Amino acid sequence: MKNYTRQRLGLCAALGLLAATSGVFAQTAVPANPTPKADDSVVTLDTFVVSGTRASLAKSREFKREAAIISDSIVAEDVAKFPDLNLAESLQRLPGVAINREAGEGRRVSLRGLGPDFTRVQLNGMEVLGNVDSPQDSRGQGSRDRAFDFNIFASDLFSRMDLYKSFDAAQNEGGLAGTIGLFTAKPFDKPGFNGAISTQLGSNTQTKDLQPRGAFLISNTWGKKFGALLSVAYSNRNTEEQGTNTYRWRPATSSTAYGSNISALSAADQALVKGGTVRFARGNRMSSWASDSERLGITSAFQWRPTEDIELTLDILHGKFKGKRTELHLDSRGANSSSWLGGAATVAGVVHPNSTINAIKIVNNEAVYLDVSNGNISTESRRQLADNTFDQGVLSGRWKITDRLKATFLLGTERSIYDMPYSDKFYTEAFGDVVSDYTRDRYYGYHTYKMDTANPENFSAHEIDFSSSYQETNFDNAKVDFDFFLRPGSSLKFGAAYQDFTNKGYADAYNDYLLPQFESGAVDDSVSSYAYVFRNHKDADWVAIDWDKAMSKLGITRQQGTRSGIYKVEEATSSGYARYDWETTLFGHSLTGNAGFRGYRTTVTSTGTANVGPITIVKKYNDVLPALNATFKLSDDLLLRAAASQNINRPTLGSMAVNGTVTNSNGEIKVNSGNPGLKPYYSDNYDLSLEWYFGDIGYAAVGVFRKDVSGFISNLVSTNVTYGSTGLPLDLYTGITAATNVAEYSRPVNFEDASITGVEFTVQSDLKFLPAPFNKLGVIANLTLVDGELDYASPAEQAAGTHYVSSISGLSDKLGNVTLYYETKKWGARVSANYRSGYVAYPLAIANDEFGDGFNATVYVDFSAFYQINDRMKLTFDAINLTDQREEQYSDLVARRHYNTTTAGTSFFAGVNYKF
């Protein structure tokens, strides 16, 4: 099937090339002496006399209209003034875009039904891999993937974002969903001396603190020869997400209810509890994730034109995002992996019995209500430092060699470091009565404690866990492109590129520190002298640990664990392309387009450890990708675009690592490993778009797209195999042997095909036809409908012990955005709403807890306003997440049980912008 499709795409490209070259369809002549086509990365805009939102929309529309491929753009309203405070939040206004938010702020971008791994991000023409981080384990903390974390940079540093939805041969292969191009400001963008400063002060309804933001930009040009620019953006922000969650739900398989006293229950309920099919919530947590985040971004640009035919640009960028986090939980710590069952424990030499279940309500084999006496209660105080650093340097240039031949080049290097020097947990333990109720809200647990959870005397120290991790990504890139003017209406573009990614990392952990000493009483387990009371959760107050006081009181230092998960993956790619561009006519109407091929060869070198010691595995793959883009001008304001291409998406660098992890859950050994032999995803892509442009800023568009993806990567899960068959070293876990039974062995493989089909509707327009004063209103709206095939393992495959499980992670079948704005020369305001339907986050089975998990639908509402004091000074106001939208993550794709539900509050920022 794939070979046939490739031949078909190749034929399409060849036909486009033939038609354009021969001119057989031309009905009218091309002008006799047209100027050679300019480099397609440069778009000349008309002079706009509007400002603010309308200026941004007008410029963005012009970029879209003049583009050679299907794309969208967002342009800064003015110097250091992007439309939103966050880049991801700006992107979500575009059709087909969905974002993930952390603590109410946009972090990662999904496009056209495919997750962040499939959306390539380029910065000043060079691909970026900013290591992604989440403070929450359930959302994938410290992910080693190809996604970019948009939280690293403030939006003030950027002048434009382009979203390329169709692929052409001049683009580097990759970014199967699309490519996002980020561009920082350049001195030649606005010649002369320019400066701007913006300051803001904000707060959040949950943190109730002061949060400063500021940005500064200065640039100058000296004649037409040289220009320099410097911009700096800084912010300090406290955030807090809070809510309730579980560790998922697990069947209680003990015929004795793990020793709990259940005599108060009815005979029928006792039989169900002992029957092994009723699921109990694990964890039963009330939680808070707080972060003191500091962000610094610095960009500089230098441009030199030694002659009219040569231009050189040097871009240097530094970004740093540091989050000092405090994570606090009040939860259950009993048997069946932290349920309210069982829970007998020895504390300071005193034996506490198992819990008593006084009442229970079971619905659909789920224990949704429990009244418990002498439940094993725990608090967790986690401290964590996440330090994300990004550095990039790019030297690019243009050279008009002759009137017919132009050349561009790019040399770049970048490094991204994600360092977590500590991620430590301090657990305390108590025993008391509690009611856990999941009947009041399907996605929120209400826990009522009948003991004083804010009294440190009721809690004892239980254990301390120390861990840390480190990731580093390096990227070197070189490419050169030539544009050769063949004849009026046609040109040939060709070039070559080399890129080298290196990703490496490690982790270490030291768990259960002082556990035996606390249990026996050898070390004083009283926490009164170093505990404090956390009082910011809406449902309860509870005891938390002051880490500095605890370390001092106990007379201990931080313990360094055994380093594991050591890996290094290098991915080197050489590529080249040829693309033919044409301008002709068909039935008296303009027809422009391009057709070409891109060939590449990739070598993956993965270094890690196996049971024979250090090992290096080298894999290679190559291919040729065809691409065709065409624009048919039905009238001056009506464009019909079509595109067909084949593209790839390379696997995440972490998934190709030669390493593994081993966990032991109540005697169940589980193993996860990487796979350096993974091949890229292949996709056949088809796009059709109709665009109507009207008025000063208005346009309406409808587009359809389809992607047929082969080689989809999902996990192969094998059950009850020997540890020796995994090929991993024995020192990954203490006491393990080659004959040890592995309950679950999971590793990524290529095997699945998937298809995604969608339609996008977009409209933006002033509403000038309304009577005054409503004629200053305008609207931007879009709707995206996506349908994707989701495949799961059959019952027979699961019963066989080896089964394939897959889904399309991150696919929301409905995305909608609407912005209503009102703007005069003196003041303006806008309100935006973004809807994202529910989606699958993790499509795989996890032990006996669930089959996948996902998120419910969300609607985020944001507001912004300005008041123009004079030509130089403007007052601004922004409100983010006006409705304090809940993020609801559920466990199991069918049962949809409560997993994690949080809110992050509403943020407000007031500020001033000044130009000089």
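**Figure 1. Around the largest cavity of this predicted model.** Of the 23 residues lining the largest cavity, Leu57, Ile74, Arg93, Gln764 and Ile780 are the ones nearest its centre. The volume comes to about 350 Å³. Four elements each put at least two residues into this lining: α2 (52-66), β1 (71-75), β33 (741-766) and β34 (777-788). The top contributor is α2, with six residues. Sorted by class, the lining of the largest cavity is a mix of seven nonpolar, nine polar and seven charged residues. The structure has 18 cavities of 30 Å³ or more, if you feel like hunting for others.

**Figure 2. A look into the second largest cavity.** Here the enclosed space is about 280 Å³. Again 23 residues form the lining, and Ala103, Arg107, Thr239, Ser291 and Ser293 sit nearest the centre. This one is strand territory: β3 (105-111), β10 (226-245), β13 (285-307), β14 (310-332) and β18 (366-400) each chip in at least two lining residues. Strand β13 gives the most, namely six. By class, the count for this second lining is five nonpolar, eight polar and ten charged residues.

**Figure 3. Phe150 and the largest nonpolar core.** This core has 59 residues, and Phe150, Phe153 and Leu182 are the members that touch the most others. Strand β32 (residues 698-722) supplies the largest share of the core, four residues. A second, separate core takes in 44 residues, among them Leu328, Leu341, Ile360 and Tyr513. Back at Phe150, what does this side of the core look like up close? Setting aside residues up to four places away in sequence, Phe150 touches Asn86, Leu87, Ala88, Leu91, Arg107, Val109, Val121, Ile180 and Leu182. Two names on that list turn up elsewhere in these legends: Arg107 is among the residues nearest the centre of the second largest cavity, and Leu182 is one of the best-connected core members.

**Figure 4. Thr199 meets a far-off stretch of the chain.** Thr199 belongs to strand β8 (residues 194-204). In sequence, Thr199 and Ala910 are 711 residues apart, yet their C-alpha atoms are 8.4 Å apart in space. Which residues does Thr199 contact, leaving aside neighbours within four places in sequence? They are Arg213, Gly214, Ala910, Gly911 and Val912. Thr199 counts as partly exposed because its relative accessibility is 39%. For the chain as a whole, 73% of the contacts between residues at least 6 apart in sequence join residues at least 24 apart.

**Figure 5. Two positive phi angles and a cis peptide bond.** Most residues other than glycine have a negative phi, and most peptide bonds are trans. Arg248 has a positive phi of about 80 degrees although it is not a glycine; you'll find Arg248 in the loop between β10 and β11 (249-251). Is Arg248 buried or exposed? Its relative accessibility is 15%, so Arg248 counts as buried. Tyr258, also not a glycine, has a positive phi of about 55 degrees and sits in the loop between β11 and α4 (267-274). With a relative accessible area of 22%, Tyr258 is partly exposed. The cis bond runs from Ala772 to Pro773, with omega near 5 degrees. Pro773 is in the loop between β33 and β34, and both of those strands help line the largest cavity.

How values were computed
Residues numbered from 1 in each chain as written. Predicted model: local features only at pLDDT ≥ 70, side-chain atom pairs only at ≥ 80, totals over all residues. Heavy atoms only, no water. 1 Å grid on protein atoms, 1.4 Å probe; cavity = no way out; pocket = protein on both sides within 12 Å on 5 of 7 lines; lining within 4 Å. Points joined across faces, edges and corners; volume = space filled by probe spheres on them. Nonpolar A, V, L, I, M, F, W, Y, C, P; charged D, E, K, R; others polar. Contact = heavy atoms within 4.5 Å. Buried < 20%, exposed > 50% of the residue type's maximum accessible area, 1.4 Å probe, protein only. Core = buried A, V, L, I, M, F, W, Y, C linked by side-chain atoms within 4.5 Å.
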